[in-house]
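Subject: Structure for you to look at

Hello,

Here is the structure I said I would pass on. My notes on what was found in it follow below.

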Amino acid sequence: MNLFKGNCICGAVKYQLNSEPRLSFLCQCRQCQRITGTGHSAEFVALGKDTLVSGELKFYELTSDNGNTLSSGFCPTCGNPVLKKSSGYPGMLFFHAATLKDPGVFKPQQVFWGASHQPWDYVNPDLEVKEQA
Ligand SMILES: [Zn+2]
Ligand SMILES: [Zn+2]
């Protein structure tokens, strides 16, 4: 059974992966800081075609620190950010790990955008940090 399934706070948006995530990571870029309201996002990546998403997501477009167009998908009812798309990674969905039914299955492998790390934000020091994405 695949443990990578989750939902927004109100439950209107649900998703399920049909494969293991391609990558799990933390991102300290400014956009992730704004979207999550804290020092970094916690995300896992899957191909859209390996994923089932049900319910309506609303997308807000912003420009990433390396110039890609990011679409931040959130539930219009409860406002919970659930996933993102990036013009730099067509066909991929970037899910926010805390929306998982069991967030304990999330195992970050790497930290991106250490260049915009905030001095009050602490992550596992064993993880490799990349200055950018
Ligand atoms: Zn919701
Ligand atoms: Zn980011």
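Over residues 4-121 the chain is 42% strand and 6% helix, with 26 Å between the end C-alpha atoms. That stretch is the one to which UniProt, in an unreviewed entry, assigns the feature "domain: CENP-V/GFA". Please keep in mind that this is a predicted model.

The sheet

An open sheet of mixed pairing is formed by 8 strands, in the order S6-S7-S8-S9-S4-S3-S10-S11. At its edges stand S6 (58-63) and S11 (128-129); each has a single partner strand, so one side of each is left without a neighbour in the sheet. Further in, S3 (residues 23-27) pairs with S4 (residues 41-47) in the antiparallel sense, over 5 bridges. Within that pair, Ser24 stands opposite Phe44 in S4.

The zinc sites

Two zinc ions are in the model, and I take them in turn.

For the zinc ion (ligand 1), the protein donors are the SG atoms of Cys8, Cys10, Cys75 and Cys78, at 2.3 to 2.4 Å. The site is tetrahedral, the angles among its 4 donor atoms being 107 to 115°. In sequence the donor residues follow the spacing C-x1-C-x64-C-x2-C. Is Cys8 buried or exposed? Cys8 has a relative accessible area of 1%, which is under the 20% limit, so Cys8 is buried. Cys10 has a value of 41%; because this falls between 20% and 50%, Cys10 is partly exposed.

For the zinc ion (ligand 2), the protein donors are Cys27 (SG), Cys29 (SG) and Cys32 (SG), lying 2.1 to 2.3 Å from the ion. Their spacing in sequence is C-x1-C-x2-C. Cys27 counts as buried at 6% relative accessibility, and Cys32 counts as buried at 2%. Cys27 is also within the residue range of S3, 23-27.

The largest pocket

About 370 Å³ of space lies in the largest pocket. It is lined by 21 residues, of which Phe25, Tyr89, Phe94, Phe112 and Ala133 are the closest to its centre. Two or more lining residues come from each of S3, S4, S8 (81-86) and S9 (92-96). Which element gives the largest share of the lining? That is S3, with 3 residues.

S3 therefore turns up in several of these notes: S3 pairs with S4, and S3 gives the largest share of the pocket lining.

Regards

Terms used. Residues numbered from 1 in each chain as written. Chains lettered and ligands numbered in written order. Predicted model: local features only at pLDDT ≥ 70, side-chain atom pairs only at ≥ 80, totals over all residues. Heavy atoms only, no water. Donors = N, O, S within 2.8 Å, 3.2 Å for Na, K, Ca; no water. Buried < 20%, exposed > 50% of the residue type's maximum accessible area, 1.4 Å probe, protein only. Tetrahedral: all angles 85-135°; square planar, octahedral: opposite > 155°, others 65-115°. Pairing = 2+ DSSP bridges. Helix = DSSP H or I, 4+ residues; strand = E, 2+ residues; numbered from the N terminus. UniProt positions renumbered as here; feature names shortened; annotations may be inferred. 1 Å grid on protein atoms, 1.4 Å probe; cavity = no way out; pocket = protein on both sides within 12 Å on 5 of 7 lines; lining within 4 Å. Points joined across faces, edges and corners; volume = space filled by probe spheres on them.
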